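Biologist: Please take a close look at one part of this model for me, the surroundings of the first ligand, and then place that part in the rest of the protein. I am a first-year student, so plain steps would help.

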Amino acid sequence: MPSFLDPVAGFGVSFRTIFKRVVTEQYPEKPHTVSRRFHGRHQLNRHPDGLEKCIGCELCAWACPADAILVQGAQNTEDGRYSPGERYGRVYQINYLRCILCGLCIEACPTRALTMTNEYELADRTRADLIYEKQDLLAPLLPGMEAPPHPMRLGEDEQDYYLGAGLVSANSAASGDVPRTPPAAGTTAADPGTGAGIGPTGARIGQQ
Ligand code: SF4
Ligand code: SF4
């Protein structure tokens, strides 16, 4: 192109831009919608009766490349039961000053206790406020759930919970009299918070 046309070419860019539709994000009045796969704040999930899925195994903490997770497990007792099985996460912290939201911790979790939500508003006023404690991360109690500690309501042991027998039992209580049986091969015990679940073989299904 001849050099005397350079200014015209420059204005060409301006004119093209003038007639484009302007996109103005109205944040925070209208929060931006993110993809369902977006890695936001973590959540500690519950079983359908309200017991916690976390068994305090610390695998998430060991998987974390930023050393952002602190877990201290403790023993369940019959008078103080927080999860099915032997152990639960007594202390659970995530330090969002360190976390890079990579998701390796949720990959490592054997019980799908730990997942990530789409929540991205994690700014706060002090450094201490960005260390989230267990009560900040626990999933809310949905209808039909009871805050732990309480006895196992959905089966005799943790196998019943992870194989979904308790879920079948809970559904039958709402809809009629159906015997408690594990789900058929290929079906899942859905995670009430995410729709994801543990399959009959223990494999994770429907991960975010
Ligand atoms: S998302 Fe990544 S950095 Fe954050 S706690 Fe999990 S493993 Fe650690
Ligand atoms: S969140 Fe999962 S990996 Fe982490 S301690 Fe609990 S059960 Fe283990």
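Modeller: Around ligand 1 there are 13 residues, and Cys64, Cys99, Cys102, Leu104 and Cys105 are the closest of them. Sorted by class, this shell holds twelve nonpolar residues, one polar residue and no charged residue. The model is a predicted one, and that applies to everything that follows.

A second ligand can be described in the same way. Ligand 2 has 14 residues around it, and those that come nearest are Cys54, Cys57, Cys60, Cys109 and Leu114. Its shell divides into ten nonpolar, three polar and one charged.

Some of these names return in the protein's interior. The largest nonpolar core has 25 residues, and those touching the most other members are Leu44, Cys54, Cys60, Ile69, Cys105, Cys109 and Leu114. Two or more residues of this core come from each of β2, β3, α3 (104-108) and α5 (158-162). The largest share belongs to β3, which gives three residues. As a general point, nonpolar side chains in soluble globular proteins tend to be buried together. In the protein, 26% of the 208 residues are buried.

Leucine 101 sits in the loop between β3 and α3. Its phi is near 55°, which is a positive value in a residue other than glycine. Leucine 101 is partly exposed, because 16 other C-beta atoms lie within 10 Å, and a residue needs 20 or more to be buried.

On the other side of α3, in the loop between α3 and β4 (114-116), is arginine 112. Arginine 112 also has a positive phi, about 60°, although it is not a glycine. With 21 other C-beta atoms within 10 Å, arginine 112 is buried.

Next comes the sheet that includes β2 and β3. The sheet is open and has three strands in the order β2-β3-β5, paired antiparallel. The edge strands are β2 (69-75) and β5 (131-132); each has a single partner strand, so one side of each has no neighbour in the sheet. In general, the strands of a sheet pair through backbone hydrogen bonds, and the pairing is either parallel or antiparallel. Here β2 and β3 (residues 87-95) run antiparallel and are joined by seven bridges. One bridge pairs alanine 74 with tyrosine 88 of β3. Between β3 and β5 there are two bridges, again in the antiparallel sense. There, isoleucine 94 has tyrosine 132 in β5 as its bridge partner.

The part of the chain before this sheet begins with a helix, α1 (6-18). At 1.5 Å a residue, its 13 residues should span 18 Å, and its end C-alpha atoms are 19 Å apart, which agrees. Helix α1 is hardly covered, as none of its 13 residues is buried.

The loop between α1 and β1 holds proline 28. The peptide bond that joins tyrosine 27 and proline 28 is cis, with omega about 10°. Arginine 37 is found in the loop between α1 and β1 (42-44) as well. Arginine 37 is exposed, because 10 other C-beta atoms lie within 10 Å, and 12 or fewer counts as exposed. Although arginine 37 and threonine 117 are 80 residues apart in sequence, their C-alpha atoms are 8.8 Å apart in space.

Proline 48 follows in the loop between β1 and α2 (59-63). Proline 48 is buried, with 21 other C-beta atoms within 10 Å. From proline 48 to leucine 141 is 93 residues along the chain, and the C-alpha atoms of the two are separated by 9.1 Å.

Further along, proline 149 lies in the loop between α4 (134-137) and α5. The peptide bond leading from proline 148 to proline 149 is cis, with omega near 5°.

For the protein as a whole, there are six helices and eight strands. In sequence order they follow the pattern α-β-α-β-β-α-β-β-α-α-α-β-β-β. Among contacts with a separation of 6 or more, 64% are between residues 24 or more positions apart. Returning to the starting point, Cys105 is among the residues closest to ligand 1, and Cys105 is also one of the core residues that touch the most other members.

Methods. Residues numbered from 1 in each chain as written. Chains lettered and ligands numbered in written order. Predicted model: local features only at pLDDT ≥ 70, side-chain atom pairs only at ≥ 80, totals over all residues. Near = placed C-beta within 6 Å. Nonpolar A, V, L, I, M, F, W, Y, C, P; charged D, E, K, R; others polar. Pairing = 2+ DSSP bridges. Helix = DSSP H or I, 4+ residues; strand = E, 2+ residues; numbered from the N terminus. Expected span 1.5 Å × (residues − 1). Contact = placed C-beta atoms within 7 Å. Core = buried A, V, L, I, M, F, W, Y, C linked by C-beta atoms within 7 Å.
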